[in-house]
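I am opening a notebook on a structure that is new to me. My plan is to look up how charged side chains pair, and then to turn to what is buried.

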Amino acid sequence: MFLARATSRVLLSRVEIARCITNTNSNVRSYSAVSDEDKAGEAVSKQSAVSSVVSGAQPSSKLMQSLVDARVHLGHKAGVWNQKMAPYILGTRAGIHIIDLDETVFALQKALKVIRQTVAADGSILFVNTRSQFEVITRRAATACGEYFVTKKWIGGTLTNSGEVFGINRRPDVIIVLSVPVARAALREADQVCIPTIGIVDTDCDPDSLTIPIPGNDDSEEAIKLYLDYICSTIISVKEQKQKTFADPQQGKHAERRNFPDRRRNETNYQNRRR
C-alpha cells in the first residue's frame, strides 16, 4: 500500500490541476480530425461543466454532454448487474445498462457539498483507487489538491488497528473511493470507525456500501479523470478562499466580529461582576 500526502501545500490553479490529471502515459481516447480550435472549445466547455457541478447549479446541456463524452452513462452488460442499482438505471441499449445522468449529477452535487464543508473545517480527504490503470491519475490528483491517497493494495487494519494514520493522530474525515469492487476492505473499515464514504458505483456495485453513492462508469479513464476534476476543483476552490480570507486583514477582522459579536459586552459584564 502506498499511503502519502503531498509535502507541499502550494495550491495549484485549475489549469494546472487539469494538466496534472491529463498528463499521463496511459492510453487516452483519441479524436480523429479534430482541429486545435475544436479542442480548445471542448476544454472551455468541460471547464464550464465542472464549474456547474462544483457550484451546485442546475444541470446544463454542456454538463450533460461532458458526462456523455466521458462515457459516464455506460454501465455493464444487462446480465452483469446489482439489483440495488435499479433506481439509478435509465434503461438498456444494445445489451448495456444506461445510467441515469440526472441521478449522477444530483449525487455529485451532494458529495461535493460534503467535501466543501469538510475542507472548510480543515478536514482531510483520502482518495482510494487501487486499480493499477488509474494509479497515476489518482495520485497526481490527490497531490495537486494536497490530500492523501492509497493507490496500492489496502493493508487490513489501516483505519481500525493503527492509532496513527498518515503520520498524524487522526483518521481521514472523508474517504473517496473510485473503484468500489476492489475497495471492499477499505469500506468495511471506514464503516467500523464511522468515516463517511463517497464513491463511484457502476451497475455491478452495491450502493449501500457507501454513505454517498455516485452512479457512473468506473471503467472509463475519461470518466475517472472527470470525477477527479470535479473533486479537485472543489477542494482547491475552498482552500483558495481560505487563503484569501487569512491574507486579508479586513476580512479577518470581519470574521472575528461575526464569530464573537458580544465579546466586548461580555468582558464589560465580567469586570462589573468583579467589582
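**Charged pairs**

I began with Asp208 and Lys84, whose side chains meet in a salt bridge (3.3 Å, N to O); by salt bridge I mean a side-chain nitrogen of Lys or Arg within 4 Å of a carboxyl oxygen of Asp or Glu. Asp208 sits in the loop between β8 and β9, and Lys84 in the loop between β2 (74–77) and β3 (89–93), so this pair ties together parts that are 124 residues apart in sequence. I take helices (H or I, at least four residues) and strands (E, at least two) as DSSP runs, numbered from the N terminus.

Before going on I note that this is a predicted model, in which local features need pLDDT of at least 70 and side-chain atom pairs count only at pLDDT 80 or more, while totals for chains, interfaces and linings use all residues. Residues are numbered from 1 along each chain as its sequence is written, and side-chain values use heavy atoms, with hydrogens and water left out.

I then looked up accessibility, where buried means under 20% relative accessible area, exposed over 50%, and partly exposed in between (1.4 Å probe, protein chains only). Asp208 is exposed, at a relative accessible area of 58%, whereas Lys84 is partly exposed, at 42%. The two also belong to a network of salt bridges that links Lys84, Asp206 and Asp208.

Next came Asp219 and Arg131, which form a salt bridge through their side chains (3.1 Å, N to O). Because Asp219 lies in the loop between β9 and α7 and Arg131 in the loop between β5 and α5, the pair ties together parts that are 88 residues apart in sequence. Asp219 is partly exposed, with a relative accessible area of 36%, and Arg131 is buried, with 16%.

A further salt bridge joins Glu221 to Lys225, with the closest N and O atoms 3.6 Å apart. These residues are four apart in helix α7, and are therefore separated by about one helical turn. Glu221 counts as buried at 14% relative accessibility, and Lys225 is buried too, with a relative accessible area of 3%. In the whole structure, my search found ten salt bridges.

**Helix α6**

Which residues of helix α6 (residues 184–192) are buried? I found Ala186, Leu187, Glu189 and Ala190. They cover an arc of only 165° around the axis (taken from the directions from the helix axis to the C-beta atoms), which puts them on the same side of α6. On the other side, Arg184, Arg188, Asp191 and Gln192 are exposed. The cover over the buried residues of α6 includes β7 (174–177) and β8 (197–201). After α6 comes Cys194, whose phi is positive, near 60°.

**Nonpolar cores**

A nonpolar core is here a set of buried Ala, Val, Leu, Ile, Met, Phe, Trp, Tyr and Cys residues joined through side-chain atoms within 4.5 Å. The largest one has 39 residues, and those with the most contacts (heavy atoms within 4.5 Å) inside it are Leu67, Ile115, Phe127 and Ile176. Elements that each supply at least two residues of this core include α3 (61–69), α4 (101–120), β5 (125–128) and α5 (135–144). Its largest share, eleven residues, comes from α7. Apart from this core lies another, of 20 residues, among them Met85, Tyr148, Val180 and Ala190.
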